[in-house]
Amino acid sequence: MFILVNLKAYPCDPIEVATAARDVAEESDVRIAVAPQAAHLSAVAETGVETWAQHVSPNEHGSHTGSTLAEAAADAGATGTLLNHSEKRMKLADIDASLDAAERADLETIVCANNPTQIGAAAALAPDAVAVEPPELIGGDVSVSTADPGIVEDAVDAAAAVDENVDVFCGAGVSTGDDVVAAGDLGATGILLASGVAKADDPKAALEDLVSGL
Ligand SMILES: O=C[C@H](O)COP(=O)(O)O
């Protein structure tokens, strides 16, 4: 199981979370990565934790003010990137171009989607993984694996029907070790989560709970 902690734009200390994630990954032997804001990529990567970008632009070098190039994210220490997060939706052509950019920069990729139909479309673009996240459950108290287990199972089937090499993550409301185990039982091989760690009083304790059943 791979746990990717998206810090979004939460007012947490990215270094505190990154250090906790690094330590829990080492202690548990569970793969854990942190996706901070772009401006914090270098500092987070310097902790030694696996570091992901929250987004990379579809552009190459050139006159593209405000872009976060895949090359720049990689130079800063990122080894992967989210694309098309529910809070950073992209046009289909731009997802495809950002996947090309990520490949040029040797970044792993996870393309997010709302539902199994979109998961099939995302899988057709051949990312490393797709992540199903019902928008209405994001940031809530109830895990997608409890509130809507069928959407996870259907997403796994939809991705496999297109490309069996594309891993399937799920996210939204995941905050406990039981939630993670339930997601794995539904066929997910990764978890995308944010508030359960980024808003926790004790991020390390939250991470320890998340991996406790693995
Ligand atoms: O990127 C993370 C997902 O949007 C899930 O967020 P959440 O764990 O706060 O529900």
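**Exercise 1. Helix α1**

Which residues are buried in α1?

*Solution.* The structure is a predicted model, in which local features need pLDDT of at least 70, side-chain atom pairs count only at pLDDT 80 or more, and totals for chains, interfaces and linings use all residues. Residues are numbered from 1 along each chain as its sequence is written.

Step 1. Fix the terms. Helices (H or I, at least four residues) and strands (E, at least two) are DSSP runs, numbered from the N terminus. A residue is buried if 20 or more other C-beta atoms lie within 10 Å of its own, exposed if 12 or fewer, and partly exposed in between, with C-beta atoms placed from the backbone.

Step 2. Apply them. The buried residues in α1 are Pro-14, Val-17, Ala-18, Ala-20, Ala-21, Arg-22, Val-24 and Ala-25.

Step 3. Identify the cover. The elements over these buried residues include β1, β2 (31-35), α2 (41-45), α9 and α10 (203-210).

Step 4. Check the length. The expected span of a helix is 1.5 Å times one less than its number of residues. For the 15 residues of α1 (residues 14-28) this should be 21 Å, and the end C-alpha atoms are 21 Å apart, which agrees.

Step 5. Look past the end. Just after α1, Asp-29 has a positive phi of about 65°.

**Exercise 2. The annotated active site**

Determine where the residues of the UniProt annotation "active site" lie and what they touch.

*Solution.* Step 1. Read the record. The unreviewed UniProt entry assigns "active site" to His-85 and Glu-133. UniProt positions are given in the numbering used here, feature names are shortened, and annotations may be inferred rather than shown by experiment.

Step 2. Compare sequence with space. The two span 49 residues in sequence, yet no two of their C-alpha atoms are more than 8.8 Å apart, so they gather at one spot.

Step 3. Place His-85. This residue lies in the loop between β4 and α4 (92-104). It counts as buried because 23 C-beta neighbours are inside 10 Å. Two residues are in contact if their C-beta atoms, placed from the backbone, lie within 7 Å. Not counting residues up to four places away in sequence, His-85 touches Gln-54, His-55 and Cys-112.

Step 4. Place Glu-133. The loop between β6 and α6 holds Glu-133, and the residue is buried because 25 other C-beta atoms lie within 10 Å. Leaving aside neighbours within four places in sequence, its contacts include Ser-86, Cys-112, Ile-138 and Leu-192.

**Exercise 3. The annotated binding site and the ligand**

Describe the residues of the UniProt feature "binding site" and the shell around the ligand.

*Solution.* Step 1. List the positions. The unreviewed UniProt entry places "binding site" at Asn-6, Leu-7, Lys-8, Ile-138, Gly-173, Ala-194 and Ser-195. They are spread over 190 residues of sequence but cluster in space, with a largest C-alpha distance of 14.2 Å.

Step 2. Examine Asn-6. It belongs to strand β1 (residues 2-6) and counts as buried because it has 23 C-beta neighbours inside 10 Å. Not counting residues up to four places away in sequence, Asn-6 touches Ala-35, Gln-54, Leu-82, Leu-192 and Ala-194.

Step 3. Examine Ile-138. This residue sits in the loop between β6 (129-132) and α6 (144-147). It is partly exposed because 19 other C-beta atoms lie within 10 Å. Not counting residues up to four places away in sequence, Ile-138 touches Ser-86, Glu-133 and Ala-172.

Step 4. Describe the shell. A residue is near a molecule or strand if its C-beta atom, placed from the backbone, lies within 6 Å of it. The ligand is surrounded by 15 residues, the closest being Asn-6, Gly-171, Leu-193, Ala-194 and Ser-195. Elements giving two or more residues to this shell are β8 (190-193) and α9 (195-198).

Step 5. Classify the shell. It has 6 nonpolar, 8 polar and 1 charged residues. Here Ala, Val, Leu, Ile, Met, Phe, Trp, Tyr, Cys and Pro count as nonpolar, Asp, Glu, Lys and Arg as charged, and the others, Gly among them, as polar.

**Exercise 4. The whole fold**

Assess the overall dimensions of the protein.

*Solution.* Step 1. Count the elements. The protein has 10 helices and 8 strands.

Step 2. Take the extent. Along the principal axes, the C-alpha atoms fill a box of roughly 45 × 40 × 30 Å.

Step 3. Test compactness. The radius of gyration is taken over C-alpha atoms, and the globule rule is 2.2 Å times the number of residues to the power 0.38. For 214 residues a compact globule would have a value near 17 Å; the protein has 16 Å, which agrees.

Step 4. Consider the interior. Buried residues make up 48% of the 214 residues.
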